[in-house]
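Colleague: I should be grateful for a close look at one part of this assembly, the strand at the junction between two chains, and then for an account of how its surroundings are arranged.

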Amino acid sequence: MEKKFLWVGTAILALVIFATAATIFYLRSNRAFNGSVINPPSPAADFTLTNQSGQPVKLSDYRGKYILLFFGYTHCINECPATMAILMKTRLLLGDRAGDVQVLFVATDPAGDTPQAVGEFLARFDPTFMGATGTLAELQPVWASYGVTVEDGGETHSSYVYLIDPAGNLRLTYPYPSTPEQIAADLQLLFRRK
Amino acid sequence: MRKFFSLGLVRGLIWQVIGTAFGIGLVTGVRALMRLPAWKAEPAVVVGALFGALFFLYGVGVLDDWLKWANGEETSDEEVDETGLGRRRYFGASQDHKVIGIQYLTLALILFTVGGTFALIFRTELVKPGMQFLTPLEYNTLMSLHGIVMIVGILIGISAFMNYTVPLLIGARDMAFPRLNAFSFWIAVPAGIILLSSLFLGGFDTGWTGYPPLSVRAPLGMQMFFLGVSLSSFSSILSALNILATVIRLRAKGMTPFRLPIFVWAAIATSIISLTATQLIGLAFQMVMLERLLGMGFFDPVKGGNPVLFEHLFWFYSHPAVYVFVLPGLGVISELLPVFVRKPLYGYKWVAMSSLGIALTGFLVWGHHMFASGMAEYLREPFMYSTLLVAVPTGVKFFSWVATIWKGKISFPTPMLFVLGGIVVFLLGGLSGPPNATVSTDLLLNNTYYIVGHFHDTLFGGYVFPFFASIYYWWPKMTGKRLNEKLGKLHFWLMGPGMLILTLAMMRVGLLGMRRRVADYDPALGFQSYHIAMTLSGYLVALSILIFFINVFLTMKRGEVALGNVWGSRSPEWQVASPMPVHNYDKPVVVVGEPYDYGLPGSRYVKFEGED
Amino acid sequence: MTQRKALLTRFLIGISIGLLIAIPLSELAFYFQGNNTSRPPKTITIDIPAGTAQKVSQGQSVLPQDLTFVVGDILVVNNHDSIAHTLGPLFIPPNASARMALDHLGGFSFVCSFQPTRYQGLDVQEALTTATRIEGIVIAGIPLGILLALYSLILRPLKFGKNTPPPGTA
Amino acid sequence: MVESKSISKTGTPPTLRLGFLVFVVLAVLTAVEFAFALYFNIWFLLALMAILKGGLVMYYYMHIYKLFEAEKDENRESFAYKLATNRLGLWFFMLSDGFIFGGLFISRFNLLGLTRPDVNQLLGVTVTSVLLVSSFFANRAEVSMEHGNRNQAIASLVVTITLGVLFLVGVLGVEWRIAPFGPGDGVQGAIFYSMTGFHAFHVLTGVIFLSIVIRNLVRGRYSAEKHWGVEAAVVYWHFIDFVWIFFYPALYLIGTLPH
């Protein structure tokens, strides 16, 4: 009976190993992005705005980095802080590769989102987060070029996170709510693809 | 007086009262300790009823031997203590399968009378449109209780058949697990009490199916319904287990599978279903109980639950359950028919396999109860196929019966009348079935009186008639006296036509658009006359049952003594004296021939060891 | 071959035959049942033609108001217009496409930039997938198979080894 | 190790070493299962693991094969014959009981699909291994009883019961307290509490059953030839473990957290 069992045991372990290998291969071969893919990658409209410390900030400053772009307003109570938290977690999940990712927050309420307001808002999450605000005149074209419809008070209807690759192309967008795991997984995939 | 209190039943009832009080006290105490408002009716009553049932089992004494074992004491493997013979043993925990069978029979008859009375009451209410003497809730409660009490009664009646006859038919000394056998009977008693108690605890208005969400909102009686059915489900599960083990392990020498009496095949098929599927109705009901007690949202869409899940769990048992109801009856028909036509049963093997076939096929056809309840639209066709498929083995049985009767030397004593009646009525029920199985017609007939008529035809033909047939047939074996033929025939000739009118009228009003389970109907629909006819024929059936009881009573008093092989049967239990000896067969039975070779000269089914 | 093994093989054979017979039956039903959800999930493309923005601003709708999908569909939106468009969770830059997986049941009304009403209705229904069809085949096939196996026991009784006598033969 | 002569009709009784080997494989499989759940959470891998473990337990610990070697002896009153009948009864009971758990299992997938309740992973894997180890000792008890080694049997049963109680504490005492939802909070609460509750009830009965057996074992009611009580209790215990083998992935591993 023991002899027989040795065969059984070996067979089981072999099966398990095979299953593991097969799965890994399967997962390697067809990994899909979690976010909605923009195909072909189209150049993200560049803009110049003011960051929380009053300096001018350009989107193109961050060429060579992955940019997570989000449109929101500082006195927003649910989606904007929630998304910021998600992005913070995402960077944590990325570990040492977090340095390659820059989060950029574009204001949608010129009245309320003064540079220091943006600064305080972002400081609640992650010092590396970069804010970008300006006058209504400055902001409106930016909103337009990213298809953000802003109602008075900064309320937006389309709260996505835009993922822009080092070449400055829009690659993916994430609807609200997406989990940090999903975004991080996509970034990992992009890292590996390079 | 002391003798009275020493009866197991009495002690059990006393303990049940104590247990109920204990349970209620327990819940109230715990709630008080938890700083909650001490008195909350629902949990208190449910837990009380549960403890009541457990204490009953202790009080009646079915747990004694197990407690002794747990205590490391030996108990005698003697199923029957010779001392406690006589009437008294029927009121206590006996391990003799014959006693238990008769106990089951009594309980079944009691439940029938109760359920029938409910039916008569609301049937009377339906004579005229509008509400006469019942409130809608009372009507619904009576209607629902009629359904479930009858169903529990049928399950118990089946255990009665199987417990009494199976060990005799296979030449065994007793069941495989006599103590378990006693347990499974006695748990049915508190279950029945709890079930009926719902009448006094607000009743319930869901019909016997108890679908949520309605059953989540129903009065407290609902819980008693769920609890009662769950408990009685243990009864049928355990007795099914016992039957299967008995048939597999304790068959007489030489009784190969294809020499089993046909009724035993039916018992096997039935037991396979009750052993397995019954758990799911218990589970479904317990889930609703939990939803009511703890707010668990299994079937509450607001909490993400899914009411249709209940229907799946429920019908996965409750459709096969229909076969549980009829298979033993059909078995009885096939068992008795050859005796009274003095001819071999035609196509024995096919009938045997058909019983199994109906049982096993029945597992995968539950979906046809839910054509109208939002299941995956396309799956209705496959379910339709498999449902119609069940008609095949049933047809095989009919063919066998007809071919058996063909050119037989037919005699018409009461059991035979009931057998023939059963065949005719079940044919009606069977033929009215396919319209409910095919999707297109079912969507029309669903939830009408047509279904009610179909269902009552199947159950009368498949259960009630064979049930009485076997009572008349095995009564001499049980008591050594024979039931009066004249009264028996009268019983049949009242019941047969009565219920035919009843069910045909039901189907008719169903087609005319009478919904089932409604307390009232629109006079403009113009089927009041049918309702009057139904009620009258209902009373006719009731009268016939009354005559049956009178017959039993008179026979007890001064009945024709019948000790021998009254019907000239070949099966082993008739080869020994009636009433059956305590230890069934003092010499082991040996099977030497085919079971149903009636009329073949010199052929023999059984002999006793030591005989030539 | 022991009695148990023989019985087991007999039932396996019976059930597989039953399934084989059930396939045409079930598929026939499927053929007649067919409606717009009776298809496996697939990729569906919407094209936003050039000049949509102007038309929409003039209040005329370019695309149908409501679209029907089944669970698991992939919706791909091609934007041939000169400006970026949005559809609910999607952002589509000019001359690019965006995709989303519709894996939740229900009727959705997404904010979008290419309808005069600013809303696009998406009706996502339960797909009648291959899985459902296989389920159907099983439901119809296994009972049939069991019946065949049972009756075959009569027509061709089991063969056993020497030691166990075949049941049912006198 | 005692290599005694053939006792039961089922050839020489399995050795303690076999039980240990089976346990090792089960432990490895459990570890692999947990790793699978962590790294690539694919339901059919977890299902495969569960089926493999279940098969091993059912064959080597519950020795289902003894059912089919039923005693064909003519003497219906002999112990061996009754033993075979009792085995049959026990297995029928477990089959029937299995349908309850099966129903709960199906309900879980019907209601939660591929999402899982938000419960403590560490605790989950802990109680699972506790139950697995207890299962090993239960088997050890039965085997040593078959070899007539009573004291070892008692010792092993004591360990089994202790671990069983630990399992109960882990599930009822800890998990039920720290779970972020109550029985009334949404369908995941309902499923989690009912599944663990039904299972815990069976564990409780198993513990009681085992303690009764120990009591009688100490009083010397069982012998190497006649110890149906021990066998029944142990097989029932393995059945409880068998159920948990399927409940653990269903409750803790399969699927993602709802967000």
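**Strand 6 of chain C and its surroundings**

Modeller: In this predicted model, strand 1 (residues 36-43) of chain A pairs with strand 6 of chain C through two bridges, in the antiparallel sense. Within this pairing, A:Ile38 has C:Ala98 of strand 6 of chain C opposite it.

Strand 6 of chain C also pairs with a strand of its own chain: seven bridges connect it, again antiparallel, to strand 3 (residues 73-79) of chain C. Two facing pairs can be located here. C:Leu75 stands opposite C:Met100 of strand 6, and C:Asp73 stands opposite C:Leu102 of strand 6. As a general point, side chains in a regular strand alternate between the two faces of the sheet.

Is strand 6 of chain C enclosed or open to its surroundings? The strand covers residues 96-102, and five of its seven residues are buried, so it is largely enclosed by the rest of the structure. Buried here refers to a residue with 20 or more other C-beta atoms within 10 Å of its own.

The strand belongs to a wider sheet. Nine strands make up this open sheet, in the order 6(A)-5(A)-4(A)-7(A)-8(A)-1(A)-6(C)-3(C)-1(C), and the pairing is mixed. At the edges stand strand 6 (130-132) of chain A and strand 1 (43-48) of chain C; each has a single partner strand, so one side of each is left without a neighbour in the sheet. Ignoring direction, neighbouring strands are turned by 20° against each other on average. Helix 2 (residues 79-94) of chain A packs on the sheet, where it touches strand 4 (66-72), strand 5 (101-107) and strand 7 (161-164) of chain A. The direction of helix 2 of chain A makes about 165° with that of strand 4 of chain A.

Chain C has a further contact, with chain B: 23 residues of chain C are in contact with 24 residues of chain B. On the chain C side, helix 1 (3-33) and helix 3 (130-155) each supply at least two residues. Helix 3 of chain C provides the largest share, 14 residues. By class, this side of chain C has 17 nonpolar, five polar and one charged residues.

Chain B itself is divided into domain 1 (1-73 + 89-93) and domain 2 (95-608), and the C-alpha centres of these domains of chain B lie 30 Å apart. Their contact takes 19 residues from domain 1 and 21 residues from domain 2. On the domain 1 side, helix 3 (41-60) and helix 4 (64-70) of chain B are the elements giving two or more residues, and helix 3 of chain B gives the most, with 12 residues. The residues on this side of domain 1 divide into 14 nonpolar, two polar and three charged.

Finally, chain B also meets chain D, with 29 residues of chain B in contact with 27 residues of chain D. Helix 10 (221-249), helix 11 (262-276), helix 12 (278-294) and helix 13 (307-341) of chain B give two or more residues to the chain B side. That side has 19 nonpolar, eight polar and two charged residues.

Terms used: Residues are numbered from 1 along each chain as its sequence is written. Chains are lettered from A and ligands numbered from 1 in the order in which they are written. This is a predicted model: local features need pLDDT of at least 70, side-chain atom pairs count only at pLDDT 80 or more; totals for chains, interfaces and linings use all residues. A residue is buried if 20 or more other C-beta atoms lie within 10 Å of its own, exposed if 12 or fewer, and partly exposed in between; C-beta atoms are placed from the backbone. Helices (H or I, at least four residues) and strands (E, at least two) are DSSP runs, numbered from the N terminus. Two strands pair if DSSP finds at least two bridges between them. Two residues are in contact if their C-beta atoms, placed from the backbone, lie within 7 Å. Ala, Val, Leu, Ile, Met, Phe, Trp, Tyr, Cys and Pro count as nonpolar, Asp, Glu, Lys and Arg as charged, and the others, Gly among them, as polar. Domain bounds come from an automatic or database domain assignment. Axes are lines fitted to C-alpha atoms, for helices over the stretch in contact, and angles run from 0 to 180 degrees between N-to-C directions.
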